[in-house]
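User: I've got a structure loaded and would like to go through the labels people put on it. Can you take me through the reasoning behind them?

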Amino acid sequence: MSIYISKIKLLRIAVQRHISIIILIVFFLVAAILPHAAFGKTNLHSTVSVNAENLVEQGRALYQAEKFSDAVRILQQAVAAFARSGDKIGEATCLSNLSLAYQQLGLTKEAENAINQSLNILQSPIKNPEVLAQALDVQGRLLYLQGQTEKAVDIWQQAADIYKKINETSKLTRNRVNSAQALQTLGFFRQAEHILENLKQSLLIEKDKSIQGTGLRQLGDVLRLVGNFSQSQQVLEQSLKFAANANYKPMVSETLISLAKTARAQQNYQAALNYLQKADSSSLPSSVRIDLLLNQFNLLLETKQYTTATNLLPQIQAELDKLPPSRIAVYARINLAQNLVELRENTKQAPSWVDIAKILARSESVAVSLQDSRAQSYATGTLAWVYEQAGQLTDAFKLTEKALLLAQNINAYDIIYQWQWQMGRLLKAKGDTQSASAYYSQAVKVLQSLRTDLVAINSDVQFSFRESVEPVYREYVELLLQTQATKDNLKEARLIIESLQLAELDNFFRSACLTAKVNIDVAVDKEDSSAAVIYPIILPDRLEVILKLPGENNLRQYTTRVPQQEVESTIKQLREDIQEFKVGADKQTQYQKIYQWLLQQAQTDLQNSKVETLVFVLDGELRNIPMSALYDGKQYLIEKYNVAVSPSLQLFDIKKLQRGQLKALTGGLSEARFNYSKLNYVETELQQIKSEVSSTVLLNKQFTSLAFQNQISENAYPIVHLATHGQFSSNPDKTYILAYDRPIKVNELNQLLQTRDINQPDLIELLVLSACQTATGDDRAALGLAGVAVRAGARSTLASLWNINDASTATLMSQFYSYLTQPNISKAQALRRAQLQLLHQEQYAMPYYWAPYILVGNWL
């Protein structure tokens, strides 16, 4: 038996405003190695009637046509026929296929019953290892979709062991790819990559060229999923070479589509278009052909080639007309409708709202005929969204209610939250803020329950976080903070912002592996009675600040009416001025403006509460600038307060530094490596640190990734200090620190430090990255800094927002450690005093020199 697969791989649709990307996975697993989907073979006995064989064939055809309700009906008849004939293997196989059909319809209880019946038969004295392994694959799929990822991995491993024994290469390949996806979901990136690397090596020596080429393409697809874009491209190019040498045109075209998706993931839209234009659509089945055309259409919109996109519409419509009634046909029309809305917003040539609504009405009609509640919910909800865009709110409300009910009836939570969000928007537009808040609250709760599912979805069809997840949180906060918020609304808004920070990091890592460690309501006051926590929130028409003062249960709210565009442009200009070190640009005006937005209204409250430390949970582009450089007209913020930042207070243990005998592992590169320039003052920096703290030094050739890991695993170092090039980016694949032998990516950090968790249970107290910088032109680059801080597993991380190849870095670090060794001095205090030492020296008085160093996490 081979698991059914669908051919549609809908693209992500970048739409504007509050559009939810209506894309879903028709089949969650990576496609089988076979060139086309194959129904599970039943190994029919001679006693089985021809009628049973016919039913099996009908079921296969209906499943492949995505007529899942009809497939269920026929497969039920086939199961009964096999049971009557006494063919247990045939009955078990059909039950596994029936489970798959139920899964496609969202009927998880029925799917679970069917696969359990199958396994009960197969684990009886009547044995068939191949059918058992494939039934286990189906069970693993169901567990994965239910969020039971660890159980799915265990089940798939059982199946893999069987495939190895019976030498089923293609099925083993599919199984290993599925396991890699699941391990990635759990955050086990190294294990996932190890599986994929072994798989790659076995595929390269595979004699069957069909298995080899298609297997490498599927491997390239999953490497894109785990964020290894460069490896994905490399493997896909190998697949393309094999397919071309074999002159197998369909495989060449499908590999070109995969290469396009990898290029798109790297935001190389023109390269993606080039790949798609090379694909020979005539060699493809209609379902893949429409996928290719819709990808082209969306990329043309992305690159603002509106005329070319419009010219492609007749061809798209012709292909849609060829599709038989199926889930593919439903989603393809939804996809087209969303793209047409985007086209309408950018050109006068797009179809009318009525024409777009007709496309969706047709989509809904097909879904109804298929008795496919999931597809119907998508079609109906998207039609409601079109009515919302057209201003017909009453019709939009009725249709959204219908779509929500359909999704709730099948427990399709990944759809439910979208329609709850849509209900919230519509009720807000009607002025019913209380009911709107209730729906937003429900949507957020569903999103939080879906953390694993949202990051586990294949990147080809993954919900766009910034367009389909983040706005739900932000719009809810905006609703809670309208006018003067109540005490309860302020607390709720604070919790939602904390949850958003976690969701952003989940999305960054492509893994829901972060867990809250502390209760933010009690942790700060308990450990530091002089710290205030500040939550700036950038909203479209204003900047909100929520302030938690020490010893107070009630939160405070400050509102500044300034457009989001002005806030972001000011931050961007300030950052450019700092990094480019423009003459005359560093005159405190921009620092003062941001101070007025964030702290002007709160300064009296801060003074009256005798606050000594400010902890910022920063939002958006505010993460890209140092809070210590904010200027009140007389003083920089660092002259009045200790300053720290946190991506989320829930993620770090807030505890005082246990001095004892401080010991550091220091590593660095002074030599030029991997096209990075030499760092002139690294040796001086590490020597000065050694004069303040007992240190083991790894310099240049000694600072390899393996040597670093060995030191960590064999010794307890409360402090790890790395003076080497590094980059923070919103893309984890471009977030790394540089060792002598290779870059260490952010997702590897916890793996390199993992042996410490076993051998040295004490956490690293402080990780210092003194020569890193945020990626140029990336407005969310500082998310990578937060990612490094979290991934390293250290209580605190001290890092630089931009690199200063200057003696001032060595001076600041030496001063920092000198203060840190003193009793009763917190990390934030030590950093502040070291920064003030530079600020008070004339040659280093500009923020360019002392401001880039920020303390992330535990400030004590």
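Analyst: Sure, let's take the labels one by one and set the values against the cut-offs. Bear in mind that this is a predicted model.

User: What does the chain contain overall, and how much of it is buried?

Analyst: There are 35 helices and 13 strands. Of the 860 residues in the chain, 62% are buried. As for contacts with a separation of 6 or more, 71% of them are between residues 24 or more positions apart.

User: Why is Ser 363 called buried?

Analyst: Buried means under 20% relative accessible area. Ser 363 has a relative accessible area of 0%, so it counts as buried. This residue sits in helix α16.

User: Which residues is Ser 363 in contact with, leaving aside its neighbours within four places in sequence?

Analyst: Those are Val 330, Arg 333, Ile 334 and Ala 379. Take Val 330: it is 33 residues from Ser 363 along the chain, yet the two C-alpha atoms are separated by 4.7 Å.

User: How do you know that the end-to-end distance of α16 agrees with what a helix should span?

Analyst: Helix α16 covers residues 353-370, which is 18 residues. At 1.5 Å a residue that should span 26 Å, and the end C-alpha atoms are 26 Å apart, so the two agree. Straight after α16 comes Gln 371, with a positive phi near 55°.

User: What do the buried residues of α16 pack against?

Analyst: They pack against α2 (68-85), α15 (327-346), α17 (373-389) and α18 (393-409). The buried set includes Ile 356, Ile 359, Leu 360, Val 366 and Leu 370, and Glu 364 is in there too.

User: And α18, how does its span come out?

Analyst: It agrees as well: 17 residues at 1.5 Å each should give 24 Å, and the end C-alpha atoms of α18 are 24 Å apart. Among its buried residues are Phe 397, Leu 399, Thr 400 and Leu 404. The cover over the buried residues of α18 includes α17, α19 (413-429) and α20 (433-449). Just past α18, Asn 411 has a positive phi of about 55°.

User: What makes α14 and α15 roughly antiparallel?

Analyst: The axes of α14 (residues 306-322) and α15 come within 12 Å and cross at roughly 160°. Angles over 145 degrees count as roughly antiparallel, and therefore α14 is roughly antiparallel to α15. The crossing of α14 and α15 is left-handed.

User: Which residues of α14 and α15 meet there?

Analyst: On the α14 side, Tyr 306, Leu 313, Ile 316 and Leu 320 are among them, and on the α15 side the list includes Ala 332, Leu 336, Leu 340 and Leu 343. By class, the contact of α14 with α15 comes to 8 nonpolar, 3 polar and 1 charged residues.

User: Why is α11 called roughly antiparallel to α12?

Analyst: Helix α11 (residues 249-265) and helix α12 (residues 269-278) pack at about 170°, with axes 8 Å apart. That angle is what makes α11 roughly antiparallel to α12, as over 145 degrees counts as such. In the contact, α11 contributes residues including Leu 256, Ile 257 and Leu 259, and α12 brings Tyr 269, Tyr 275 and Leu 276 among others. The classes in the contact of α11 with α12 are 10 nonpolar, no polar and 2 charged.

User: What makes α11 "mostly covered"?

Analyst: In α11, 14 of its 17 residues are buried. Its length also fits: α11 reaches 25 Å from first C-alpha to last, close to the 24 Å expected at 1.5 Å a residue. Just after α11, Gln 267 takes a positive phi of about 65°.

User: Why pick out the phi of Asn 247?

Analyst: Most residues other than glycine have a negative phi. Asn 247 isn't glycine, but its phi is positive, near 55°. This residue lies in the loop between α10 (229-245) and α11.

User: Is Asn 247 buried or exposed, and how do you know?

Analyst: Exposed means over 50% relative accessible area. Asn 247 has 60%, so it counts as exposed.

User: What about Asn 824, buried or exposed?

Analyst: At 73% relative accessibility, Asn 824 counts as exposed. Its phi is positive too, near 65°, and Asn 824 lies in the loop between α33 (807-820) and α34 (827-839).

Conventions:
Residues are numbered from 1 along each chain as its sequence is written. This is a predicted model: local features need pLDDT of at least 70, side-chain atom pairs count only at pLDDT 80 or more; totals for chains, interfaces and linings use all residues. Side-chain values use heavy atoms; hydrogens and water are left out. Helices (H or I, at least four residues) and strands (E, at least two) are DSSP runs, numbered from the N terminus. The expected span of a helix is 1.5 Å times one less than its number of residues. Buried means under 20% relative accessible area, exposed over 50%, partly exposed in between (1.4 Å probe, protein chains only). Contact means heavy atoms within 4.5 Å. Axes are lines fitted to C-alpha atoms, for helices over the stretch in contact, and angles run from 0 to 180 degrees between N-to-C directions. Angles under 35 degrees count as roughly parallel, over 145 as roughly antiparallel, 65 to 115 as roughly perpendicular and the rest as oblique. A crossing is left-handed if the near helix is turned anticlockwise from the far one by less than a right angle, and right-handed if clockwise. Ala, Val, Leu, Ile, Met, Phe, Trp, Tyr, Cys and Pro count as nonpolar, Asp, Glu, Lys and Arg as charged, and the others, Gly among them, as polar.
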